[in-house]
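Biologist: I'm new to this structure and would like a close look at one part of it, the inside. Could you walk me through the empty spaces and the side chains packed around them?

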Amino acid sequence: MAFQGMKYEDELKNNPDLKEEDMQMLRDWYKKQPHLPKITDSELVLFLHSNYYRMEPTKTTIDAYYTVRSHVPEFFSNRDPLGSKELRKSFQTITIQVLETKTPEGYAVLYGRLIDTDPSNYVYNDAMKFLSMVLDLWLYKEGTTQGHIILFDMKNVVFGHAARLNPMGLKKYLFYLQEALPVRLKGFHFMNITSVMDVILNMMKPFMKKELLDMLHTHTTLDTVAKFLPVDILPNEAGGKAGPLMQLHEKSVKMLEDNRDWFLEEEQTRRVNESLRAGKGKTATDLFGVEGTFKKLDID
């Protein structure tokens with residue numbers, strides 16, 4: 001069933017640092033940005049909270065969020081969880097789920113892993129689309145939280161999967177993650193890694209800021225994962241006790257399906273109008289550079 005989003009009144013109760021005068025300043029600012037879509041108070045809270053209530057970084061994040069979503073259709077358009085053939089295939093290839101139990105610090109954990117190990121079925125853009133949908137819906141439903149951890153389980157990832165990644169696709173998602181996503185990211189983890197991880201990290205690292213690199217951790221065993229989060233909250237197949245992976249996966253997909261109308265509306269109404277932007281409108285090239293012009297990057 002579709003659900004209600006987090007209410008602004010509840011956010012005020014949950015966040016003693018959230019001040020109505022800051023919100024008013026933000027509302028006044030955003031009303032003077034004709035290129036931005038309508039933004040609810042609950043959404044403004046997410047941006048303010050994720051920037052620890054600092055006003056200028058919050059404005060930058062808001063603009064980046066809607067701008068990236070408008071200029072990266074490969075992640076943010078055709079998001080019909082029932083009607084998109086590509087998404088349906090992605091749902092059979094990978095699982096993306098927010099684990100049901102948070103860490104003791106109150107951090108939500110987003111967990112992803114392959115369920116179909118054939119590299120030819122893995123499509124990076126569709127995987128990122130799936131990931132974004134799960135996160136979007138979660139943020140809409142839950143509102144602010146103490147922090148988020150992203151945990152990718154690399155079990156069965158092979159060189160054939162790495163070959164399906166490209167620098168521009170990684171650059172776009174990492175830009176979105178670091179500059180636009182309204183969460184307090186607390187950890188970026190890869191578990192069950194093998195030598196293929198070196199190849200993937202070499203592609204990612206040029207686009208990662210120091211803050212993200214500092215919270216990046218790779219794990220070959222559960223022992224080191226356990227230093228950051230209780231292993232029990234993971235699906236059974238990952239060494240936890242949260243339940244069978246496919247059962248949790250089906251629940252995650254069903255949540256997207258049940259909220260199909262929300263995704264369709266989001267795509268129609270939550271994008272920037274570059275023709276109304278003060279000064280010159282932005283393009284994907286302004287954000288990410290030209291496709292195919294990556295210089296050879298020296299990586300230590």
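Modeller: Here is a walk through the cavities first, then the pocket, the helices and the aromatic rings.

Keep in mind that this is a predicted model. Let's start with the empty space. Rolling a probe the size of a water molecule over the atoms shows where empty space is left. Here that gives 4 cavities of 30 Å³ or more.

The largest cavity has a volume of about 450 Å³. Its lining is made of 26 residues, and the ones nearest its centre are Tyr122, Met128, Phe152, Met154 and Phe190. If you want to trace the walls, look at strands β1 (94-98), β2 (107-114), β3 (147-153) and β4, along with helices α7, α8, α9 and α10: each supplies at least two residues of the lining. What sort of residues line the largest cavity? They divide into 21 nonpolar, 3 polar and 2 charged.

The second largest cavity holds about 50 Å³ of space. Around it you'll find Glu86, Lys89, Ser90, Thr93, Ile94, Asn121, Tyr122, Val123, Asp126 and Ala127. Two elements, α6 and α7, give two or more residues each to this lining, and α6 makes the largest share with 4 residues. By class, the lining of the second largest cavity has 4 nonpolar, 3 polar and 3 charged residues. Tyr122 is worth a click, as it is among the residues nearest the centre of the largest cavity and also lines the second largest one.

Now for open space. The largest pocket takes in about 550 Å³. It is lined by 20 residues, with Ser50, Asn51, Leu177, Gln178 and Val183 closest to its centre. The elements giving two or more residues to that lining are α4 (55-71), α9, β4 and α11 (210-214). The lining of the largest pocket splits into 9 nonpolar, 5 polar and 6 charged residues.

One helix from the wall of the largest cavity deserves a visit of its own. Helix α10 covers residues 196-204, and its buried residues are Val196, Met197, Ile200, Leu201, Met203 and Met204. They span an arc of only 155° around the axis, so they sit on the same side of α10. The general background is handy here: an α-helix has 3.6 residues a turn, so residues three or four places apart point the same way. What covers the buried residues of α10? The cover includes α8 (159-162), α9 (167-179), β4 (185-191) and β5 (216-218).

Helix α7 is another wall of the largest cavity, and Leu139 is part of that helix. Leu139 has a relative accessible area of 6%, under the 20% cut-off, so it counts as buried. Setting aside neighbours within four places in sequence, Leu139 is in contact with Leu46, His148, Leu181, Pro182 and Val183. Val183 is one of the residues closest to the centre of the largest pocket. Leu139 and Ala127 are 12 residues apart in sequence, with 18 Å from C-alpha to C-alpha; Ala127 is in the lining of the second largest cavity.

For another buried leucine, go to Leu248 in helix α13 (residues 245-258). Its relative accessible area is 12%, so Leu248 is buried. Leu248 and Leu99 are 149 residues apart in sequence but 8.5 Å apart in space, C-alpha to C-alpha. Not counting residues up to four places away in sequence, Leu248 touches Gln97, Glu100, Pro235, Ala242 and Gly243.

Last stop, the aromatic rings. A pair of aromatic rings is described by the distance of the centres and the angle of the planes. The structure holds 16 such pairs. Take Phe91 and Phe130: their ring centres are 4.8 Å apart and the planes stand at 65°, so this pair is edge-to-face. Phe91 belongs to helix α6 (residues 85-93) and Phe130 to helix α7 (residues 124-142), so the pair ties together parts that are 39 residues apart in sequence. Both Phe91 and Phe130 are buried. Trp262 and Phe263 form another edge-to-face pair, with 5.1 Å between centres and 80° between planes. Phe263, at 0% relative accessibility, counts as buried. Finally, ring pairs join Phe47, Tyr65, Tyr66, Phe75, Phe76, Tyr124, Tyr173 and Tyr176 into a cluster.

Conventions
Residues numbered from 1 in each chain as written. Predicted model: local features only at pLDDT ≥ 70, side-chain atom pairs only at ≥ 80, totals over all residues. Heavy atoms only, no water. Phe/Tyr/Trp six-rings, centres within 6.5 Å; stacked < 30°, edge-to-face > 60°. Buried < 20%, exposed > 50% of the residue type's maximum accessible area, 1.4 Å probe, protein only. Arc of directions from axis to C-beta. Contact = heavy atoms within 4.5 Å. 1 Å grid on protein atoms, 1.4 Å probe; cavity = no way out; pocket = protein on both sides within 12 Å on 5 of 7 lines; lining within 4 Å. Points joined across faces, edges and corners; volume = space filled by probe spheres on them. Nonpolar A, V, L, I, M, F, W, Y, C, P; charged D, E, K, R; others polar.
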